[in-house]
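Hi,

Here is the structure I said I would pass on. Have a look at it first, and then read my notes underneath.

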Amino acid sequence: MSREAWVLVVIAGLLAIATLVGAVLLAVRVVRTRRLLAGLGAGGKVAFYGALIYTIFPIDLLPDPIYLDDMGVLAGALIYLTRLVHKRRAAGRQLPGQPDSPSDADRARRRVP
């Protein structure tokens with residue numbers, strides 16, 4: 001193999017590793033949202049479990065060394081779950097697994113630098 005071919009192989013390997021790391025980081029973020037699922041309803045549960053199943057399932061849109069489709073599904077699920085959480089907070093409903101928000105009196109006492 002020529003030197004140029006080795007360089008291409010190394011670059012392709014580094015890109016594959018980078019996409020794998022990105023997919024793993026996104027999967028970890030999706031799993032961290034699991035504690036909020038009880039308050040997000042059926043749509044949140046379907047997005048959560050669907051994204052994880054698609055990521056783990058061996059049949060993908062793109063071959064497994066290319067994790068871009070998995071990253072897209074995980075990112076889409078994160079965006080959807082984040083929007084559900086924001087809607088729930090805007091409606092004033094407390095989500096399970098979240099700390100209690102400070103009361104208005106506590107906010108008034110805090111000084112902002």
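Below is what turned up when I went through the model, from the overall fold down to single residues.

First, a caution: this is a predicted model, so please read everything here in that light.

**Overall fold**

The chain has four helices and zero strands, and going along the sequence the pattern reads α-α-α-α. Out of 113 residues, 25% count as buried. If you take the contacts with a separation of 6 or more, 57% of them are between residues 24 or more positions apart.

**The helix α1**

α1 covers residues 3-32. This helix has 30 residues and spans 44 Å from its first C-alpha to its last, close to the 44 Å expected at 1.5 Å a residue. Its buried residues are Thr19, Gly22, Ala23, Leu26, Ala27 and Val30, and they pack against α2 and α3.

Val28 also sits in α1. Is Val28 buried, exposed or something in between? Val28 counts as partly exposed because its relative accessible area is 37%, and the partly exposed class runs between the 20% and 50% cut-offs. Val28 and Leu74 are 46 residues apart in sequence, and their C-alpha atoms are 9.8 Å apart in space.

**The helix α3**

α3 runs over 68-90. It has 23 residues and reaches 33 Å from first C-alpha to last, close to the 33 Å you would expect at 1.5 Å a residue. After α3 comes Gly92, with a positive phi near 85°.

The buried residues here are Asp69, Asp70, Leu74, Ala77, Leu78, Leu81, Leu84 and Val85. Two aspartates are on that list, Asp69 and Asp70. The buried residues of α3 pack against α1 and α2.

Ala77 is a good one to click on, and you will find it in α3. With a relative accessible area of 5%, Ala77 is buried, since anything under 20% goes into that class. Which residues does Ala77 touch, leaving out those up to four places away in sequence? The answer is Ala47 and Ala51. Ala77 and Ala51 are 26 residues apart in sequence but 6.3 Å apart in space, C-alpha to C-alpha.

**The nonpolar core**

The largest nonpolar core has 16 residues, and the ones that touch the most other members are Val30, Leu40, Phe48, Leu74 and Leu81. α1, α2 (41-56) and α3 each put at least two residues into this core. The largest share comes from α3, with six residues. Leu74 is also the residue paired with Val28 in the C-alpha distance above.

**The largest pocket**

The largest pocket comes out at about 230 Å³. There are 13 lining residues, and Arg29, Thr33, Leu36, Leu78 and Thr82 are the closest to the centre. Leu78 is also among the buried residues of α3.

Which helix gives the most to the lining of this pocket? That would be α3, with six residues. α1 and α3 each supply at least two residues of the lining. Sorted by class, the lining has five nonpolar, four polar and four charged residues.

If you want one place to start looking, try α3: it gives the most to the pocket lining, and the largest share of the nonpolar core comes from it too.

Cheers

Note on methods: Residues are numbered from 1 along each chain as its sequence is written. This is a predicted model: local features need pLDDT of at least 70, side-chain atom pairs count only at pLDDT 80 or more; totals for chains, interfaces and linings use all residues. Side-chain values use heavy atoms; hydrogens and water are left out. On a 1 Å grid over the protein atoms alone, a cavity is a set of points where a 1.4 Å probe fits but cannot get out, and a pocket is an open set with protein on both sides within 12 Å along at least five of seven lines; lining residues have an atom within 4 Å of a point. Grid points are joined across faces, edges and corners, and a volume is the space filled by probe spheres set on the points. Ala, Val, Leu, Ile, Met, Phe, Trp, Tyr, Cys and Pro count as nonpolar, Asp, Glu, Lys and Arg as charged, and the others, Gly among them, as polar. A nonpolar core is a set of buried Ala, Val, Leu, Ile, Met, Phe, Trp, Tyr and Cys residues joined through side-chain atoms within 4.5 Å. Buried means under 20% relative accessible area, exposed over 50%, partly exposed in between (1.4 Å probe, protein chains only). The expected span of a helix is 1.5 Å times one less than its number of residues. Contact means heavy atoms within 4.5 Å.
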